[in-house]
Amino acid sequence: MKTLRDITVAGQTVLLRVDYNVPVDTSGRVTDTARIVETKPTIEYLRAAGAKVVLLAHFGRPKGRVNEQLRFAALVPGISQVLGVTMEYVREAIGEQAQAAIQALPPGGVLLLENIRFYPGEEVNDPEFAKALAALGDVYVNDAFGAAHRAHASTVGVAAFLPHAAGLLMEREVTELSKVLEHPTPPVIAIIGGAKISTKLDLIKNLLPKVDALLLGGGLANTLLLAQDKAVGQSLVEPDLIKTAQDMLSEKLVQPVDVVVAKEMTTSAARRVVPTTAVAADEYILDIGPATIQRYSEHIASAKTIIWNGPMGMFELEPFAQGTFAVARAVAASGAYSVLGGGETISAIDQLGLADKVSFISTGGGAMMKFMEGKILPGIAALT
Ligand code: ADP
Ligand code: MG
């Protein structure tokens, strides 16, 4: 993968692909600025070199058509504020207006082009569209790790037509995630939770041979319980995957020994803590229990490398957040090299204010998952 050190950016017009597909509230305010904040180093690097910085990004799913609700217009003040620059914005990504805006941009200036997914050529990676994008600049830099699992025109196609490199965020993501996959300091543990086992199967399969222990929690542990003939009541399960779950069982898989159950998924529901052998027919498993927390905390405390994705329970409901929060605190206190990712996992660590106590939080979401599954990401492959 080429990096910024491999290309010349001084005085160039740089097309910088970023991932600004950020969560917004109903008034258009950005509620989580992490993905914007993390692009600052690359933008500053390019500005300091006197480059014109032309940002390419997508927002939501307009499916190749102009969608007034998904214009970047509403986000421009918020993004500018986070970046600490006066960012220009133009209501198209290719065409005369875009060209004129780039022309007018001074060296060191920053311009955001319109939502790239307004164009039908983007998601199908149409070479003509990629060529039109490439015509806007001299150099292509990709900092959108969160979109690197998509082979689109702005993440893959355009790289074929211009000198290209990874931005500093992309480089950091690849370095940090590769480090835990390829040469982690042992003992290595993975903690995998979340809702459905179907979404984490490939992740578990890729990590198992690399780790000393893989701790399971959340809804996805239910299917494993079922696969071992334990009753799970009304709990979230994927019965189609029982056979797959049986084949997955290994000494390295550490499973809950007790769970928190309730008859309703509400904050006011009466709870009980039971061994995993004693879940009643009308109950839901909604968190790991205290004995499991104790066991998992010991594993975490003795690890030197930790990979964490997925909450241990339905932590959005406060009574069922203890398992997730205990794991978060244990990871933060462990002193281990810790890498985590996943929307809900990050939200849990943020709620506790512990984000700066872990080693690396991936901005990747789906892309991080694919990377940790051992897959080649097209957006990264295009930067060689
Ligand atoms: P991440 O976004 O961190 O990758 P996932 O999206 O895989 O995590 O899963 C997060 C969701 O899993 C949370 O919304 C949480 O409520 C849900 N979840 C965790 N444990 C359970 C459970 N026992 N039953 C139902 N849902 C659960
Ligand atoms: Mg999620």
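This section describes the surroundings of ligand 1 and several local features of the chain in a predicted model.

Ligand 1 is surrounded by 18 residues, and the closest of these are Lys200, Ile285, Glu316, Glu344 and Thr345. By residue class, the shell around ligand 1 comprises six nonpolar, nine polar and three charged residues. Oxygen atoms of the ligand take part in several polar pairings with the protein. At Thr345, an N or O atom of the side chain lies 2.5 Å from an oxygen atom of ligand 1. The side chain of Asn309 likewise places an N or O atom 3.1 Å from a ligand oxygen. At Ala195, by contrast, a polar backbone atom is involved, at 3.1 Å from an oxygen atom of ligand 1. On its own, ligand 1 has 580 Å² of accessible area, of which the protein covers 84%.

The space that ligand 1 takes is the second largest pocket. Two elements give two or more residues to the shell around the ligand, namely strand E12 (284-288) and helix H13 (343-351). Of the elements concerned, H13 provides the largest share of the shell, with three residues.

Two features of backbone geometry were also identified. Most residues other than glycine have a negative phi, and most peptide bonds are trans. The peptide bond from Pro186 to Pro187 is cis, with omega near -5°. Pro187 belongs to the loop that lies between helix H7 (168-182) and strand E7 (188-192). Asn125, although not a glycine, has a positive phi of about 50°. This residue, Asn125, is located in the loop between helix H5 (120-123) and helix H6 (127-134).

A further residue examined was Ala101, which is part of helix H4 (residues 96-104). When residues up to four places away in sequence are not counted, Ala101 touches Val90 and Leu111. Between Ala101 and Thr266 there is a separation of 165 residues in sequence, and their C-alpha atoms are 52 Å apart in space.

Definitions and conventions:
Residues are numbered from 1 along each chain as its sequence is written. Chains are lettered from A and ligands numbered from 1 in the order in which they are written. This is a predicted model: local features need pLDDT of at least 70, side-chain atom pairs count only at pLDDT 80 or more; totals for chains, interfaces and linings use all residues. Side-chain values use heavy atoms; hydrogens and water are left out. A residue is near a molecule or strand if one of its heavy atoms lies within 4 Å of it. A polar contact is a pair of N or O atoms within 3.5 Å; within protein, one must be able to donate a hydrogen and the other to accept it, and residues adjacent in sequence count only if both atoms are side-chain atoms. Accessible areas come from the Shrake-Rupley method with a 1.4 Å probe; for residues, only the protein chains shown count as cover. On a 1 Å grid over the protein atoms alone, a cavity is a set of points where a 1.4 Å probe fits but cannot get out, and a pocket is an open set with protein on both sides within 12 Å along at least five of seven lines; lining residues have an atom within 4 Å of a point. A molecule sits in a cavity or pocket if more than half of its atoms lie within 2 Å of its grid points. Helices (H or I, at least four residues) and strands (E, at least two) are DSSP runs, numbered from the N terminus. Ala, Val, Leu, Ile, Met, Phe, Trp, Tyr, Cys and Pro count as nonpolar, Asp, Glu, Lys and Arg as charged, and the others, Gly among them, as polar. Contact means heavy atoms within 4.5 Å.
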